[in-house]
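Subject: Handover of a structure and the findings from it

Dear colleague,

Please find below the structure that I am handing over to you. I would be grateful if you would look at it first and then read the notes that follow.

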Amino acid sequence: ICGNGHKLSIPFNYLNIIKSILCGIIIIPALCDLVYAIVKSRTETVAHFQFLSPVILGLSMFLAGVVIIFERKAGVRSSGLMILLWMSLIAYGTLKLRTLILLAEDLEG
């Protein structure tokens with residue numbers, strides 16, 4: 001397989017389509033966060049990270065979708081780069097969720 005120089009393209013299947021759709025769906029909350037930060041900035045001061053965080057997340061999901069498509073065309077079934085991306089998103093998302101829970105507890109009590 002490796003010696004003939006031909007790249008084997010992986011045909012579209014439900015898993016490739018689901019991965020691409022999930023990348024598109026994850027972009028939607030990032031856009032909502034960005035719009036919320038823009039609307040909130042009109043009435044009060046907003047930190048810069050509230051603008052940058054959704055933009056970075058949206059761009060990374062867009063690039064993840066592009067990588068998924070190009071790796072499928074190149075015949076790559078598993079990617080260390082994508083695993084690192086998903087694991088880092090889980091880790092940072094967990095930290096953000098913890099911070100939001102602590103802030104909600106402070107506001108209640």
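I begin with one residue of a charged pair. Aspartate 33 has a relative accessible area of 37% and is therefore partly exposed. Please bear in mind throughout that the model is a predicted one.

The partner of aspartate 33 is lysine 96: their side chains form a salt bridge, with 3.8 Å from N to O. Aspartate 33 belongs to helix 1 and lysine 96 to helix 3 (residues 80-108), so this pair ties together parts that lie 63 residues apart in sequence. Lysine 96 has a relative accessibility of 44% and so counts as partly exposed.

How many salt bridges are there by the rule applied here? The count is two. Besides the pair just described, lysine 40 forms a salt bridge with glutamate 44, and the closest N and O atoms of that pair are 4.0 Å apart. Lysine 40 is partly exposed, because its relative accessibility is 23% and the range for that class begins where buried, under 20%, ends. Glutamate 44 is partly exposed as well, with a relative accessible area of 43%.

Two further charged residues deserve your attention.

Arginine 72 is found in helix 2, which covers residues 49-74. Arginine 72 is buried, yet it has no salt bridge. The nearest side chain of opposite charge is that of glutamate 71, at a distance of 10 Å, whereas a salt bridge requires the nitrogen and oxygen to be within 4 Å. Which residues does arginine 72 contact, once its neighbours within four places in sequence are set aside? They are Ser9, Ile10, Pro11, Phe12 and Asn16.

Glutamate 71 is also located in helix 2. Glutamate 71 is buried and has no salt bridge, and the nearest side chain of opposite charge to it is lysine 19, 6.6 Å away. When residues up to four places away in sequence are not counted, glutamate 71 touches Val76, Ser79 and Met82.

I turn next to the surface. Phe12, Tyr14, Leu15, Ile17, Ile18, Ile21, Leu22 and Ile25 together make a nonpolar surface patch of about 830 Å². One member of this patch, leucine 15, lies in helix 1, which runs over residues 14-41. Leucine 15 has a relative accessible area of 46% and is therefore partly exposed. For the protein chain as a whole, about 8600 Å² is exposed, and carbon and sulfur atoms supply 72% of that area.

Finally, here is the overall picture. The protein chain contains three helices and zero strands, and from the N terminus on its elements follow the order α-α-α. Along the principal axes, the C-alpha trace spans about 65 × 25 × 25 Å. The radius of gyration of the protein chain is 19 Å, while a compact globule of 109 residues would have a value near 13 Å. Of the 109 residues in the protein chain, 15% are buried. Among contacts with a separation of 6 or more, 65% are between residues 24 or more positions apart.

As you look through the model, you may wish to begin with the pair formed by lysine 96 and aspartate 33, and then to compare it with arginine 72, which has no salt bridge.

With kind regards

Conventions
Residues are numbered from 1 along each chain as its sequence is written. This is a predicted model: local features need pLDDT of at least 70, side-chain atom pairs count only at pLDDT 80 or more; totals for chains, interfaces and linings use all residues. Side-chain values use heavy atoms; hydrogens and water are left out. Helices (H or I, at least four residues) and strands (E, at least two) are DSSP runs, numbered from the N terminus. Buried means under 20% relative accessible area, exposed over 50%, partly exposed in between (1.4 Å probe, protein chains only). Lys and Arg count as positive and Asp and Glu as negative; His and the chain ends are not counted. Contact means heavy atoms within 4.5 Å. Patches are made of residues with over 30% relative accessible area and no salt bridge: like charges are joined within 9 Å, nonpolar side chains (Val, Leu, Ile, Met, Phe, Trp, Tyr) within 5 Å. Accessible areas come from the Shrake-Rupley method with a 1.4 Å probe; for residues, only the protein chains shown count as cover. The radius of gyration is taken over C-alpha atoms; the globule rule is 2.2 Å times the number of residues to the power 0.38.
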